[in-house]
Amino acid sequence: MDRLHWLQMLAAAWDAYPLEGCGLLIGAPGGGRVERFVTIDNEAGSSRIYRLDGNQYARAALDADDEGLDVIGVMHSHTHTAAYPSPTDVAEATKPLVPPDWHWVIVSLAWGFPELHSFRIDAGGGIHEEPVGLSI
Ligand SMILES: [Zn+2]
């Protein structure tokens with residue numbers, strides 16, 4: 001991802017704090033390169049869980065579709081724990097309708113400085129960290 005998107009994700013995490021922040025990664029269908037990051041309100045209004053606002057999600061997905069792009073992943077923040085998928089995150093990622101090739105970006109603010117990691121989560125719940133590949 002570009003440094004711009006990396007910064008936007010850290011900003012989304014800080015902006016939502018003390019609640020969990022979240023957003024969508026937009027890119028070429030099935031691709032791994034983030035073309036845009038869209039901040040989405042955390043409908044759950046919680047510091048422990050997130051739920052993407054349904055209307056904003058639908059709008060972002062439609063906008064992406066108009067550009068020939070797709071939702072390729074989700075970012076959310078952890079306010080008290082490491083930037084690593086929680087059991088709740090794994091349960092969410094392995095739901096039947098969730099595309100198995102999504103990228104799961106987690107920003108942790110647990111230590112006073114932001115830390116960002118990206119993961120793939122396979123259908124069996126296996127967690128695989130992937131390089132973020134910062135550019136520019
Ligand atoms: Zn989480």
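How are the donor residues of the zinc ion spaced in sequence? The spacing is H-x1-H-x10-D. The model is predicted, with local features requiring pLDDT of at least 70 and side-chain atom pairs counted only at pLDDT 80 or more, whereas totals for chains, interfaces and linings use all residues. Residues are numbered from 1 along each chain as its sequence is written, and side-chain values use heavy atoms, with hydrogens and water left out.

The zinc ion is coordinated by NE2 of His76, NE2 of His78 and, entered twice, OD of Asp89, at 2.0 to 2.5 Å. Donors are N, O and S atoms within 2.8 Å of the metal (3.2 Å for Na, K and Ca); water is not among the atoms, so sites may look incomplete. The arrangement is irregular because the 4 donor atoms subtend angles of 56 to 156 degrees around the zinc ion. Four donors would count as tetrahedral if all angles lay between 85 and 135 degrees; four count as square planar and six as octahedral if opposite donors are over 155 degrees apart and all others between 65 and 115, and anything else is irregular. Both His76 and His78 are buried, where buried denotes under 20% relative accessible area, exposed over 50%, and partly exposed the range in between (1.4 Å probe, protein chains only).

The largest pocket contains about 450 Å³ of space. A pocket is an open set of points, on a 1 Å grid over the protein atoms alone, where a 1.4 Å probe fits, with protein on both sides within 12 Å along at least five of seven lines; lining residues have an atom within 4 Å of a point. Grid points are joined across faces, edges and corners, and the volume is the space filled by probe spheres set on the points. The lining comprises 22 residues, of which Tyr50, Arg51, Thr88, Asp89 and Glu92 lie nearest the centre of the pocket. Asp89 is also a zinc ligand. By class, 9 lining residues are nonpolar, 8 polar and 5 charged; Ala, Val, Leu, Ile, Met, Phe, Trp, Tyr, Cys and Pro count as nonpolar, Asp, Glu, Lys and Arg as charged, and the others, Gly among them, as polar. At least two lining residues are supplied by each of β3 (70-78) and α3 (87-93), helices (H or I, at least four residues) and strands (E, at least two) being DSSP runs numbered from the N terminus.

The largest nonpolar core has 18 residues, and those with the most contacts inside it are Leu24, Ile26, Leu52, Val74 and Trp104. At least two residues of this core come from each of β1 (22-27), β2 (36-40), α2 (54-66), β3 and α3, and the largest share, 3 residues, comes from β1. Such a core is a set of buried Ala, Val, Leu, Ile, Met, Phe, Trp, Tyr and Cys residues joined through side-chain atoms within 4.5 Å.

Several loop positions were also examined. Pro18 lies in the loop between α1 (3-16) and β1, and the peptide bond from Tyr17 to Pro18 is cis, with omega near 10 degrees. Ala28, in the loop between β1 and β2, is partly exposed at 37% relative accessibility; Ala28 and Gly68 are 40 residues apart in sequence and 7.2 Å apart in space, C-alpha to C-alpha. Arg48 occupies the loop between β2 and α2 and is exposed, at 58% relative accessibility. The C-alpha atoms of Arg48 and the zinc ligand His78, 30 residues apart along the chain, are separated by 7.4 Å.
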